[in-house]
Amino acid sequence: MQGYRDLKVYQLAYKLAMDIFRESKAFPKEEKYALTDQLRRSSRSVAANIAEGFRKRQYPKMFLSKLADSDGETAETQVWLDFARDCEYLSSEKHDELLKKYEEVGRMLGTMMTMPEKFVPANLRQKE
């Protein structure tokens, strides 16, 4: 593993943020500084926190904190997706597709948080 871009969770989170960007282009203008902005920010923050955490992985507490932040942003994004569907800006099908993929991101982050030592750079791992 070379960097955060090699992580499947990062790749999926990034793709989802781009999907949301494309979908939200059709949202009404009056939502520009409200729902559209919130949804885009939280979805992008999922990937950004994964990247930042990966760079801090030699410090386990910081790594876990960033993964937890990313997981929190995942949940926030799911709430904004619910609003987008209920305001009829997003189809139920697209909502369900995105929600399912964000649940996958959450599971992947959860697995990473239970095994943070797996991500510590090899040259920094403590010898047992």
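**Is Ser43 buried or exposed, and why does it count that way?** Let's work towards the solution step by step. This is a predicted model, in which local features need pLDDT of at least 70, side-chain atom pairs count only at pLDDT 80 or more, and totals for chains, interfaces and linings use all residues. Residues are numbered from 1 along each chain as its sequence is written, and side-chain values use heavy atoms, with hydrogens and water left out.

**Exercise 1. Place Ser43 and decide its burial.**

- Step 1: Find Ser43 in helix 2, residues 32-55. Helices here are DSSP runs of H or I with at least four residues, and strands are E runs of at least two, numbered from the N terminus.
- Step 2: Recall the cut-offs: buried is under 20% relative accessible area, exposed is over 50%, and partly exposed is in between, with a 1.4 Å probe and protein chains only.
- Step 3: Ser43 has 1% relative accessibility, so Ser43 counts as buried.
- Step 4: List its contacts (heavy atoms within 4.5 Å). Beyond neighbours within four places in sequence, Ser43 touches Ala13, Ala17, Ile20, Thr77 and Tyr102.

**Exercise 2. Describe how helix 2 packs against helix 3.**

- Step 1: Their axes lie 8 Å apart, at an angle of about 160 degrees. Axes are lines fitted to C-alpha atoms, for helices over the stretch in contact, and angles run from 0 to 180 degrees between N-to-C directions.
- Step 2: Helix 2 is therefore roughly antiparallel to helix 3. Angles under 35 degrees count as roughly parallel, over 145 as roughly antiparallel, 65 to 115 as roughly perpendicular and the rest as oblique.
- Step 3: Look for Ser43 again: Ser43 is among the helix 2 residues that meet helix 3, and Thr77 is among those on the helix 3 side.

**Exercise 3. Do likewise for helix 3 and helix 4.**

- Step 1: The axes of helix 3 (residues 60-86) and helix 4 (residues 92-114) come within 10 Å and cross at roughly 165 degrees.
- Step 2: This makes helix 3 roughly antiparallel to helix 4.
- Step 3: Among the residues that meet are Thr77 in helix 3 and Tyr102 in helix 4.

**Exercise 4. Sum up the chain.**

- Step 1: Count four helices and zero strands, in the order α-α-α-α.
- Step 2: Take the extent of the C-alpha trace: about 55 × 25 × 20 Å along its principal axes.
- Step 3: Of the 128 residues in the chain, 41% are buried.
- Step 4: Among contacts with a separation of 6 or more, 71% join residues 24 or more positions apart.
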